[in-house]
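This report covers helix geometry, salt bridges and backbone angles in one protein model. The sequence and structure come first.

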Amino acid sequence: MDLFFSYLIYFVLFSVSLAIIHLANSRLSSSSSKLPPGRTGWPVIGEILEFAFAARTGKPERFINDRMKKYSPEVFRTSLMGENMAVVCGAAGNRFLFSNEDKLVSSWWPSLMKKILYSPSLFDNPPKEDLMRPSSSVHEFLKPEALKHYAEIMDMMARKHVDMYWNSKEEVKVYPLSKKYTFDLSCRLFMNIEDPQSVAKISDGFDRIMAGFISLPINIPGTAFNHAIKARNNLHKEMGEIIRKRKKELTESRRDSDSPALDLLSRMLLMNLDENIEVPSEIEVTTRITAMILASHETTSTAITFALWYLAEFPDVYDAVLKEQMEIAKSKGAEELLNWNDIQKMKYSWNVARESMRLASPSHGTFREAIADFTYAGFTIPKGWKIHCSVHSTHKNPEYFPDPEKFDPSRFEGKGPPPYTFVPFGGGPHMCLGKEYARVEILVIIYHVVTRFKLEKVNPNEKITYNPAPTPVNGLPVRLHPHQM
């Protein structure tokens, strides 16, 4: 059952008990308040049904575009996931939202996600910091100085992945392999775990957690939600053992927390050992690592899948990428790993990846919560309302991208698109910290696939659905045509 209809059923089942709350929250705090134009749909259910059908057709932008035309190209009102929601649109809306982080708005996560990721103890004794937001350890981990060292590890793992799962195959499914590659890499760089059995065990837990995100939040035996809760508990137990073992190793070795090659878990634990600060609990550390893996694994695997989708679809684009990558390959020794400087040379390949993310963005956008009443475009956004910044208001908007359905990597040459129009990583001062990490991860696998194979779609007319990220309905099967060296 997909995410959208799961939400729909959930809201229908609980509509009677929540309708009164919904109606109370929807009242104006003042009769003079001027809310954005729009509609909230049915009580509790809101407009989730319309949103779901647009996504199922592979055209989620229709939900946004239709309301921009009907109500306002700047901001409109809707109701999704049981919440009053203002959708800010266009480059100006993106700029406003990204520029007012922690001033007028703060990060917000659907309650279903927190119910699964957070153990009961975190609700009983809430942590001082939002565990879904990057900590100082994550900031250090994602600095360019650290990524320069991780680039070689990424290359080594990408090479191993292609050797094991692509070589000697006539046909592969790109989407599941992309997910495996990004998950294996997350385990290695975030926790320094490479053992296949350990990775598989952790992966199974994450698969159950992800299934819980698209389930009814009914915690009774046999339900996907119940399986997700059990998987979280088992994952916390498994990772708790890893944490205790790693703490002992780090205490004995006293490695420097500034070492650029450290995995994220070791970096987090060392900062706790080195600084005179309140030490987070094992549950808090585990929750942070889990959130990081979920954020990086799902979105990046989608980006890789659609970069290869378009490379298989457009021979001229493929040839240009192959030329760029072969020039780099010819400069390397047989066993020499890619380095940071090699990644910087992959300019056209990155333009291809970005154009892929414009047409098939790994996420619908970002969500925030109003932490104060404020006015935007002449309309009042009440405190407590949720705000959605959708990529679909700009990514396929002909005002910013002429002939928007055309795949054209040249859009990103020179200065590229206007500011705040291409926003898969957010924008402004709060640009996604993982942007450079994702860039290296994507380009390294493109290098190893393209320099070895030409890709041919098995089904040229394969459909795309959104659940909630864009997903090839058949997993993108491709035929591999090895280069004759």
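## A perpendicular helix pair

Helix 15 and helix 18 are roughly perpendicular to each other. The model is predicted, and in it the two helices, residues 315–330 and residues 435–450, pack at an angle of about 95 degrees. Their axes are 9 Å apart. The angle falls in the range of 65 to 115 degrees, which is why the pair counts as roughly perpendicular.

On the helix 15 side, the contact is made by Tyr318, Val321, Leu322, Gln325, Ile328 and Ala329. Helix 18 contributes Leu443, Ile446, Tyr447 and Val450. By class, the residues of this contact are 9 nonpolar and 1 polar, with no charged residue. Gln325 is the polar one, because Ala, Val, Leu, Ile and Tyr all count as nonpolar.

## Helix 10 and the residues after it

Helix 10 spans residues 174–191, 18 residues in total. From its first C-alpha to its last it reaches 25 Å, close to the 26 Å expected at 1.5 Å a residue. The helix is mostly covered, with 15 of its 18 residues buried.

Asn192 follows helix 10 and has a positive phi, near 60 degrees. Arg188 forms a salt bridge with Glu194, and the closest N and O atoms of this pair are 3.6 Å apart. The two partners differ in burial: Arg188 counts as buried at 13% relative accessibility, whereas Glu194 counts as partly exposed at 43%.

## Salt bridges

The count of salt bridges comes to 28. One of them joins Arg246 to Glu249, with the closest N and O atoms 3.8 Å apart. Both residues belong to helix 12 (residues 224–253), where their spacing of 3 residues separates them by about one helical turn. Arg246 is buried, with a relative accessible area of 10%, while Glu249 is partly exposed at 39%.

Another salt bridge is formed by the side chains of Glu313 and Lys457, at 2.8 Å from N to O. Glu313 lies in helix 14 (residues 282–313) and Lys457 in strand 9 (residues 453–457), so this pair ties together parts that are 144 residues apart in sequence. Glu313 counts as partly exposed at 37% relative accessibility, and Lys457 counts as buried at 9%. Elsewhere, salt bridges that share partners join Arg39, Glu47, Glu50 and Arg67 into one network.

## Positive phi in two loops

Asp403 is not a glycine, yet its phi is positive, near 50 degrees. This residue sits in the loop between strand 8 (386–390) and helix 18. Asp403 is exposed, with a relative accessible area of 51%; the cut-off for exposed is over 50%.

Leu476 also has a positive phi without being a glycine, at about 55 degrees. Its place is the loop between strand 11 (470–472) and strand 12 (477–482). Leu476 is buried, with a relative accessible area of 0%. The two loop residues thus fall in opposite classes, Asp403 being exposed and Leu476 buried.

Terms used:
Residues numbered from 1 in each chain as written. Predicted model: local features only at pLDDT ≥ 70, side-chain atom pairs only at ≥ 80, totals over all residues. Heavy atoms only, no water. Helix = DSSP H or I, 4+ residues; strand = E, 2+ residues; numbered from the N terminus. Expected span 1.5 Å × (residues − 1). Buried < 20%, exposed > 50% of the residue type's maximum accessible area, 1.4 Å probe, protein only. Salt bridge = Lys/Arg side-chain N within 4 Å of Asp/Glu carboxyl O. Axes fitted to C-alpha atoms, helices over the stretch in contact; angles between N-to-C directions. Parallel < 35°, antiparallel > 145°, perpendicular 65-115°, else oblique. Contact = heavy atoms within 4.5 Å.
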